[in-house]
Amino acid sequence: MTAQLTLDELAALMKSAAGLTVDPKDLANRADSTFAEFGLDSLGLLGIVGELENRRGRPMPTDAERCKTPRDFLALVNTPGKAPLEADKVPTTGA
Amino acid sequence: MSSAKERRSVVTGMGVIAPNGVSIDAFWKATKEGISVLDRVTREGCEHLPLKVAGEVRGFDPADLIEERYLVQTDRFTHFAMAAANLALDDAHLGRADYADSPFAVGVVTAAGSGGGEFGQRELQRLWGQGSKYVGPYQSIAWFYAASTGQISIRGGFKGPCGVVASDEAGGLDALAHACRTVRRGTDAVVVGAAEAPLAPYSVVCQLGYDDLSTLDDPVRAYRPFTDGACGFVPAEGGAMLVVEEATAAEGRGAPVRAELSGHAATFTGASRWEESRAGLAHAIRGALEDARCAPDEIDVVFADALGVPSADRAEALALADALGRQATQVPVTAPKTGTGRAYCGAPVLDIAAAVLAMEHGVVPPTPNVVDVCHDLDVVTGRARPAELRTALVLSRGLMGSNAAMVLRQGRPSPS
């Protein structure tokens with residue numbers, strides 16, 4: 001999957017994973033503000049990373065959950081070539 | 001507590017989320033009128049379990065009071081605690097402006113009996129159903145006993161001493177005592193109390209192992225302590241939070257003093273050893289009286305633990321006789337929790353709230369569903385009894401063996 005994460009999708013994830021109502025336009029206008037300023041804590045970002053990994057069926061780049069701003073996060077998760085090798089894929093566990 | 005006269009602890013605000021009301025006004029109206037809200041368990045996934053009757057909090061939407069970002073990362077027991085804390089702070093007129101310059105002057109203490117069972121069950125079902133990648137990160141904090149203290153502290157910006165008391169059901173009173181010690185050591189205000197949410201499938205199954213749980217299916221007969229029909233207790237969800245302040249700090253900002261927390265003591269006598277709880281509870285009562293410098297005949301009302309197990313009821317009646325002497329048969333005894341069920345650690349804090357309201361209104365609320373008391377106690381049944389109440393004694397015991405007693409004194413009306 002090569003789908004690029006958009007600000008709209010990030011806003012939707014902030015809502016579903018962390019209960020935050022954020023306008024995607026606001027994310028665009030303040031893309032260098034910290035996640036903390038949008039009310040997203042580190043566990044919330046970790047939840048978003050986990051959700052993206054489940055959707056895409058592969059791990060996000062290392063340190064994705066350490067990104068401080070929406071711009072940094074999108075840049076990292078949308079960078080081609082950063083996707084891990086086949087061997088590093090998330091193992092399918094459970095049902 | 002009164003041993004350090006210079007720093008007394010007073011109650012300036014109360015917030016209640018109870019099966020019989022999600023505000024102080026609704027709670028007191030139902031409590032005073034002796035309305036029982038015990039009813040069939042209706043929570044999803046619990047209908048087929050042997051526990052048939054409980055005290056459910058219905059008609060409560062946490063989103064009315066708490067932001068979604070906090071609700072997403074917390075269990076129902078923390079929703080109750082945050083909402084009750086919100087109500088207590090409003091009641092105390094303690095807002096951010098009051099402590100913005102001194103956030104370390106306000107602490108938080110809660111007691112918890114089981115943590116976030118419903119949240120934990122959901123995440124564990126994801127773990128075994130879908131895999132570890134589907135467990136949300138908030139599982140790491142939501143089911144902890146400490147979750148409510150942490151979230152109330154974060155949400156309110158309270159940076160003073162925080163704590164969690166995990167000492168069984170009586171921990172509700174122990175948390176209040178811990179808040180008093182915190183005040184004595186120099187903190188001006190503590191947001192303190194307990195709320196529980198034990199009515200989700202996993203949590204209910206955990207309780208089915210308790211011999212003392214009533215599994216009767218008739219809400220009128222399921223929980224009748226101090227009677228020949230006593231057949232165990234009915235669990236409940238909910239609880240109460242208080243704002244406890246140092247007396248001169250409260251007076252300094254013009255906050256009305258609703259009551260003084262005057263004395264407390266706790267003992268431990270072992271799980272389900274109800275006969276031994278007689279000596280333990282009596283010792284706790286004597287300790288609380290001594291701490292409050294209060295004579296037995298000064299006690300105007302007793303809010304009993306009222307477990308509803310014959311041997312436990314007998315032990316409580318004897319403990320009162322041991323500790324209060326003649327006064328034990330003369331003082332009005334009540335147990336409003338027979339109308340709501342026992343919300344574990346939340347139960348004694350709800351009793352504290354009821355005791356404060358009883359002293360304010362000069363009336364002892366009745367003990368719903370209880371008639372024909374078979375112990376030598378003056379249990380108030382049927383309807384509320386008017387009485388001048390200056391001092392109240394609240395008792396609590398836990399299934400794991402904790403016993404606690406707390407003495408409250410009437411507050412003074414606001415100078416305004």
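# A first look at chain B and its partner

Chain B has 14 helices and 15 strands. Its radius of gyration is 20 Å, close to the 22 Å that the globule rule gives for 416 residues, so chain B is as compact as a globular protein of that length. Please keep in mind that this is a predicted model. Taken along the principal axes, the C-alpha atoms of chain B fill a box of roughly 65 × 55 × 35 Å. Of the 416 residues of chain B, 61% count as buried. Among the contacts in chain B with a separation of 6 or more, 80% are between residues 24 or more positions apart.

## Two domains

Let us start with the overall division. Chain B is divided into domain 1 (9-252) and domain 2 (263-410). The centres of these domains of chain B, taken over C-alpha atoms, are separated by 21 Å. Where they meet, the contact takes 57 residues from domain 1 of chain B and 55 residues from domain 2 of chain B. On the domain 1 side, the elements giving two or more residues are E1, H1, helix H8 (171-184), strand E6 (189-196) and strand E7 (238-246) of chain B. H8(B) gives the most to that side, with six residues. By class, the side of domain 1 of chain B that touches domain 2 of chain B has 31 nonpolar, 16 polar and 10 charged residues.

## The nonpolar cores

Now for the interior. The largest nonpolar core has 139 residues, and those with the most contacts inside it are B:Ala84, B:Ala88, B:Leu176, B:Val191, B:Val244 and B:Met406. H14(B) provides the largest share of this core, 11 residues. Both domain 1 (9-252) and domain 2 (263-410) of chain B give the core at least three residues each. B:Ala88 is a good place to zoom in: leaving aside residues up to four places away in sequence, B:Ala88 touches B:Gly13, B:Met14, B:Gly15, B:Val191, B:Met241, B:Leu242 and B:Val243. There is also a second, separate core of 19 residues, which includes A:Leu27, A:Leu45, A:Met60 and A:Phe73.

## Helix H1 and its cover

Helix H1 (residues 24-33) of chain B has the buried residues B:Ile24, B:Phe27, B:Trp28, B:Ala30 and B:Thr31. These residues cover an arc of only 170 degrees around the axis, which puts them on the same side of H1(B). A general rule helps here: an α-helix has 3.6 residues a turn, so residues three or four places apart point the same way. The cover over the buried residues of H1(B) includes strand E1 (9-17), helix H3 (76-91) and helix H14 (346-361) of chain B. Just after H1(B), B:Gly34 takes a positive phi of about 65 degrees.

## Two unusual backbone angles

Most residues other than glycine have a negative phi. The table lists two non-glycine residues with a positive value, along with their places in chain B.

| Residue | Phi | Loop in chain B |
|---|---|---|
| B:His93 | near 50 degrees | between H3 and helix H4 (96-99) |
| B:Phe226 | near 65 degrees | between helix H9 (201-207) and E7 |

Their surroundings can be described too. B:His93 is partly exposed, with 14 other C-beta atoms within 10 Å. B:Phe226 is buried, with 27 other C-beta atoms within 10 Å.

## A close-up of B:Val333

B:Val333 lies in strand E10 (residues 332-334) of chain B. With 25 other C-beta atoms within 10 Å, B:Val333 is buried, because 20 or more is the cut-off for that class. Not counting residues up to four places away in sequence, B:Val333 touches B:Val302, B:Ala304, B:Leu377, B:Asp378, B:Val379 and B:Val380. One of these partners, B:Asp378, is 45 residues apart from B:Val333 along the chain, and their C-alpha atoms are separated by 5.8 Å.

## Where chain B touches chain A

Finally, let us turn to the other chain. Here 15 residues of chain B are in contact with 14 residues of chain A. On the chain B side, helix H2 (68-72) and helix H5 (117-129) each supply at least two residues. H2(B) gives the most to this side, with four residues. The residues on the side of chain B that touches chain A divide into six nonpolar, six polar and three charged.

How values were computed
Residues numbered from 1 in each chain as written. Chains lettered and ligands numbered in written order. Predicted model: local features only at pLDDT ≥ 70, side-chain atom pairs only at ≥ 80, totals over all residues. Buried ≥ 20, exposed ≤ 12 C-beta atoms within 10 Å, placed from the backbone. Arc of directions from axis to C-beta. Contact = placed C-beta atoms within 7 Å. Nonpolar A, V, L, I, M, F, W, Y, C, P; charged D, E, K, R; others polar. Core = buried A, V, L, I, M, F, W, Y, C linked by C-beta atoms within 7 Å. Domains from an automatic or database assignment. Rg over C-alpha atoms; globule rule 2.2 N^0.38 Å.
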